[in-house]
Structures are given as C-alpha cells and as structure tokens.
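Biologist: Could you take a close look at one part of this model for me, and then set it in the context of the whole? I'd like it in one go, with the cut-offs spelled out.

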Amino acid sequence: MHLYFITEIYLVFSASLALLILGLHDLEPQFIDPFISTSLQDFWGRRWNLMVTNILWLTVYLPIRSFCSRILGRKWATLPAILLTFLVSGLMHELIVYYVTRVYPTWEVTCFFVIQGVCIALGSIVKKTNLVSHDRFQLHPWISGPLITAFLGVNVICFYFPPLLRNRIDDRAIGEYHILLDFVVKKIAK
C-alpha cells in the first residue's frame, strides 16, 4: 500500500503540474482500483501502473507473441510472451533499484516479476487446457481480491522490498522529505 500511495502522490503531483503548465485536463489514470483485483492478470493488465503495462504490451508482449505464433501456434504463443514480458519488467525494475541504491543487483526484484509471470502463465495454461471449468471454478471477488492482495503482499515483502530496506532507502527517503519540508517551511516563513 505504501508503494501505491507514494506512486499515486507523485502521479497526482505530476498531473497537477501538467494541468498548470501545459493546460492538460484529461490525463489517463495510472491505477484503477488495484486492491479490488480478482486475479493477477487483472491486477497487472488492467489495474496497476497502466502506462508501463501499455509500453510493455506494445514493445515486448506483442512482438514476442507474434514471433512465437509461427513456432508454437497462436494458442500457446502467449506463454513465452507473458514470461518474457515479466522478465523484461523485472530487469528494468532491477535497473531502477540499482540506480537508487548504487549496489549491484541481487536479482530479488527480477525474481518477484518472474514469479508473477509464471503464475499468470500457469493460470493461462489452466484456462487453455480446460483442466478446470472456468465457469464453475470462479471465486467470489470478496475471496479472490484478498487472496490476490495477500499473494502480492507476501511476494513484495519477500522479494521487492529487501534490496531497498537492506540499503537504507527508507532512511534516505525520510531524510529527503525532511529537507524538502524544511525548504518549504523556510520559504513560507520569509
């Protein structure tokens, strides 16, 4: 939730600047109620960080699916496309963590995204092979939503946050917030 709120605050601030400076009124939302997701595919594909989702869709997923369709057929080409899209996302996030921490990667962040991709690919296999009737086996959103949120939370705690916390990014961020607050207070006091 911290990640969501911090990102949402930055995006609202950026949108406000775009409105003030450029006069842009209709900016697309970056999140659409991510905590009511009913599946991992719903979370990553339709609710979380939609700008990145669209970029990865166009630059990684579609070309890989198109290429793999010739080899595996259209039905199964989505699997390598899903896996490689999440691998690319993981590598990009790993690069961001490297730039923030200046510590060589431990690959935990990439592992987080690969796990997400594998789980979505497994769900796709179950749907494609009709191992489970999708109509009969569908959890109520009040059950699937908390399960998805818990799954993501556990994975974030185990894989995404450790490299950040180990390198004291939380302390640095709090220190930078104090500097910004002091600056604003001094400007207002003048």
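Modeller: Sure, and one definition first: a residue is buried under 20% relative accessible area, exposed over 50%, and partly exposed in between, using a 1.4 Å probe and protein chains only. Keep in mind that this is a predicted model, where local features need pLDDT of at least 70 and side-chain atom pairs count only at pLDDT 80 or more, while totals for chains, interfaces and linings use all residues. Numbering starts from 1 along each chain as its sequence is written, and side-chain values use heavy atoms, with hydrogens and water left out.

The part I'd pick is S39. At 26% relative accessibility, S39 is partly exposed. You'll find S39 in the loop that joins α1 (2-22) to α2 (40-47); helices here are DSSP runs of H or I with at least four residues, strands are E runs of at least two, and both are numbered from the N terminus. What lies 100 residues along the chain from S39, and how far apart are the two C-alpha atoms? The partner is L139, and the separation is 9.8 Å.

Just along the chain there's another spot to check, N49, in the loop between α2 and α3 (50-72). N49 isn't a glycine, yet its phi is positive, about 40°. N49 also counts as partly exposed, at 21% relative accessibility. W107 has a positive phi too, about 70°, and isn't a glycine either. That residue sits in the loop between α4 (74-101) and α5 (108-129), and at 48% relative accessibility W107 is partly exposed.

Now the wider setting. The protein has seven helices and zero strands, and its C-alpha atoms fill a box of roughly 70 × 40 × 35 Å along the principal axes. Of the 190 residues, 29% are buried. Counting contacts (heavy atoms within 4.5 Å) with a separation of 6 or more, 60% join residues 24 or more positions apart.

UniProt's unreviewed entry puts a "domain: Wax synthase" at residues 28-114; its positions follow the numbering used here, feature names are shortened, and annotations may be inferred rather than shown by experiment. Residues 28-114 are 76% helix and 0% strand, with the end C-alpha atoms 27 Å apart. The same entry type also lists "transmembrane region" stretches, among them 76-100 and 106-127. Residues 76-100 are 100% helix, with end C-alpha atoms 37 Å apart, while residues 106-127 are 91% helix and span 34 Å between theirs.

Finally, the cysteines. Taking a disulfide as a pair of cysteine sulfur atoms within 2.5 Å, the count is zero. Why is C119 unpaired? Because its closest cysteine sulfur, in C111, is 11 Å away, too far for a bond. C119 is partly exposed at 29% relative accessible area, whereas C68 is buried at 11%.
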